[in-house]
Amino acid sequence: MITYNGRTINYAVVKARRKTIGIVVTKDGAVTIRIPHGVSKKEVERIVASKLPWIYEKVTENEKRFEEMTERKNNSLKDGGRILYEGTYHTIHMHFEEGLSIIEIRYDGESFHVRTGTMDPDKLRPAFVKWFRGAAKIRFQERVDHYIPYTGKTYNTIRIKEQKGCYGSCSSKCNLNFNWKCVLAPKEVLDYIVVHELCHLIQMNHSQAFWHEVERIMPDYKAWRAWLRENGKFLEI
């Protein structure tokens, strides 16, 4: 716990197998200090004190954006609400039919049209998740097929999941896993995630050689990687 600008900031310290001290501010403003084993409490406090202005700024900024995101989320799944898809917010048009037991979602390229017998967001959200998972499955398959020839490798399977804090992964058995929430981001961001995981078929690490492969296939990847770092935490419905 430390005080800055009249505000008390709590932080958690987590020991991990790493060489440097890292500071993570989550989307809701929680602060975690990740340290290598053997680093003293005094050294942690020194690092935190030196980074206080940055920590304070990130905590304040993330809390504000998280509140805005939560409010938008709570008010999105209704008639006239707006929902994120492919980097743009689209209007939802609800068509209520009393007694209808299923929820049907149709996207016309500009808006979402929903036939539903309920207006309960807790019931509408799973229906949208199902729709987005289906869209993600199609989109990821298309982009993997597009980029795989650039690697000279082959993959085994593609799975669509909901991985907390992870957008994609590639296993040693060449299985590709992708987070459905990636379809909420701009198409170029999804392409970066695909290229990133496909390059693990060449380099199963994050070495300089790995990043050279990513850049070879997607020269502007840094811009989309930066977008994801800045906005990824807001890919929610």
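## A walk through the chain

Start with the whole protein chain on screen: you'll find six helices and twelve strands. Keep in mind that this is a predicted model. Zoom out until everything fits, and the C-alpha trace spans about 65 × 55 × 25 Å along its principal axes. Now colour by burial if your viewer can do that: of the 237 residues in the chain, 40% are buried. Contacts are worth a thought too. Take those with a separation of 6 or more, and 44% of them are between residues 24 or more positions apart.

**Stop 1: helix α1**

Select residues 41–50, which form helix α1. Which residues of α1 are buried? Show the side chains of Val44, Ile47 and Val48, and you have them. Next, turn the view so that you look down the axis of α1: the buried residues fall within an arc of 100°, so they line one face of the helix.

**Stop 2: where α3 meets α4**

Select residues 121–147 for helix α3, then add residues 187–199 for helix α4. Two packed helices are described by the angle between their axes and the distance between the axes. Here the angle is about 55° and the axes are 10 Å apart, which makes α3 oblique to α4. The crossing of α3 past α4 is right-handed.

Now bring up the side chains where the two helices touch. On the α3 side, pick Arg139, Phe140, Arg143, Val144 and Tyr147. On the α4 side, pick Lys187, Leu190, Asp191, Val194, Val195 and Leu198. How many of these contact residues are nonpolar, polar or charged? Colour them by type and count: seven are nonpolar, none is polar and four are charged.

**Stop 3: two residues with a positive phi**

Before you select anything, here's some background. Most residues other than glycine have a negative phi. The next two residues go the other way.

Go to glutamate 86, in the loop between β6 (82–85) and β7 (88–96). This residue is not a glycine, yet its phi is positive, about 55°. Switch on the surface there: glutamate 86 has a relative accessible area of 26%, so it is partly exposed.

Then jump to cysteine 174. Where does cysteine 174 sit? Look in the loop between β11 (168–170) and β12 (176–179). Cysteine 174 isn't a glycine either, and its phi is positive at about 70°. Is cysteine 174 buried or partly exposed? Its relative accessibility is 28%, so cysteine 174 counts as partly exposed.

Note on methods: Residues numbered from 1 in each chain as written. Predicted model: local features only at pLDDT ≥ 70, side-chain atom pairs only at ≥ 80, totals over all residues. Heavy atoms only, no water. Buried < 20%, exposed > 50% of the residue type's maximum accessible area, 1.4 Å probe, protein only. Helix = DSSP H or I, 4+ residues; strand = E, 2+ residues; numbered from the N terminus. Arc of directions from axis to C-beta. Axes fitted to C-alpha atoms, helices over the stretch in contact; angles between N-to-C directions. Parallel < 35°, antiparallel > 145°, perpendicular 65-115°, else oblique. Left-handed = near helix turned anticlockwise from the far one by under 90°. Contact = heavy atoms within 4.5 Å. Nonpolar A, V, L, I, M, F, W, Y, C, P; charged D, E, K, R; others polar.
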